[in-house]
Amino acid sequence: MTPVSWTTEVDRDLCMGSGMCAGMASDLYALDDEDRARPVRAHIAPDERALDAADSCPASAIVVRDGDMPIGPRP
């Protein structure tokens with residue numbers, strides 16, 4: 001079993017509700033009642049799809065961290 005070590009967050013002020021993250025990883029991201037993205041859970045096992053969603057977010061609203069270090073979106 002992979003230890004939970006990543007966190008993911010969505011800046012609601014930046015989110016434009018495109019839904020790309022939820023479309024890419026619906027078990028990690030969902031749209032709320034205001035059509036803004038939110039993480040399904042803040043703490044996740046390492047998952048490349050979380051990084052892909054952060055990379056693909058048109059508003060750069062998703063941040064993925066390994067501990068305190070931001071690892072997504074990738075440069």
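## Proline 39 and its surroundings

Let's start with a single residue: proline 39 sits in strand β3, which covers residues 37–39. Keep in mind that what you're looking at is a predicted model.

So is proline 39 tucked away or out in the open? Its relative accessibility is 22%, so it counts as partly exposed, because that label covers the range between the 20% limit for buried and the 50% limit for exposed. Setting aside neighbours within four places in sequence, proline 39 is in contact with Thr8, Glu9, Val10, Leu28 and Tyr29. You can also try pairing proline 39 with isoleucine 62: they are 23 residues apart in sequence, and their C-alpha atoms are 9.1 Å apart in space.

## The sheet

Now for the strands. Four of them make an open sheet, and reading across it the order is β4-β1-β5-β6, with antiparallel pairing. The edges belong to β4 and β6 (69–72); each has a single partner strand, so one side of each has no neighbour in the sheet. In general, the strands of a sheet pair through backbone hydrogen bonds, in either a parallel or an antiparallel way.

Take β1 (residues 6–10) and β5 (residues 62–66) as an example: they pair in the antiparallel sense over five bridges. Here you can find glutamate 9, which stands opposite valine 63 in β5. Helix α2 packs on this sheet and touches β1, β4, β5 and β6. The direction of α2 makes about 145° with that of β5.

## Aspartate 47

Next stop is aspartate 47, in the loop that runs between β4 (43–44) and α2 (48–56). Is aspartate 47 buried or exposed? With a relative accessible area of 18%, aspartate 47 is buried, because the cut-off for that label is under 20%.

What does aspartate 47 touch, if you don't count residues up to four places away in sequence? The answer is Trp6 and Leu28. Leu28 may ring a bell, as it also turned up among the contacts of proline 39.

## A cavity inside

Finally, let's look for empty space. Rolling a probe the size of a water molecule over the atoms shows where such space is left. Searching the whole structure turns up one cavity of 30 Å³ or more, and the largest cavity holds about 80 Å³ of space.

Which residues lie nearest the centre of the largest cavity? They are Cys15, Ser18, Cys21, Ala37 and Cys57, out of 15 residues in the lining. Sorted by class, that lining has 12 nonpolar residues, three polar ones and no charged ones.

Technical notes
Residues are numbered from 1 along each chain as its sequence is written. This is a predicted model: local features need pLDDT of at least 70, side-chain atom pairs count only at pLDDT 80 or more; totals for chains, interfaces and linings use all residues. Side-chain values use heavy atoms; hydrogens and water are left out. Helices (H or I, at least four residues) and strands (E, at least two) are DSSP runs, numbered from the N terminus. Buried means under 20% relative accessible area, exposed over 50%, partly exposed in between (1.4 Å probe, protein chains only). Contact means heavy atoms within 4.5 Å. On a 1 Å grid over the protein atoms alone, a cavity is a set of points where a 1.4 Å probe fits but cannot get out, and a pocket is an open set with protein on both sides within 12 Å along at least five of seven lines; lining residues have an atom within 4 Å of a point. Grid points are joined across faces, edges and corners, and a volume is the space filled by probe spheres set on the points. Ala, Val, Leu, Ile, Met, Phe, Trp, Tyr, Cys and Pro count as nonpolar, Asp, Glu, Lys and Arg as charged, and the others, Gly among them, as polar. Two strands pair if DSSP finds at least two bridges between them. Axes are lines fitted to C-alpha atoms, for helices over the stretch in contact, and angles run from 0 to 180 degrees between N-to-C directions.
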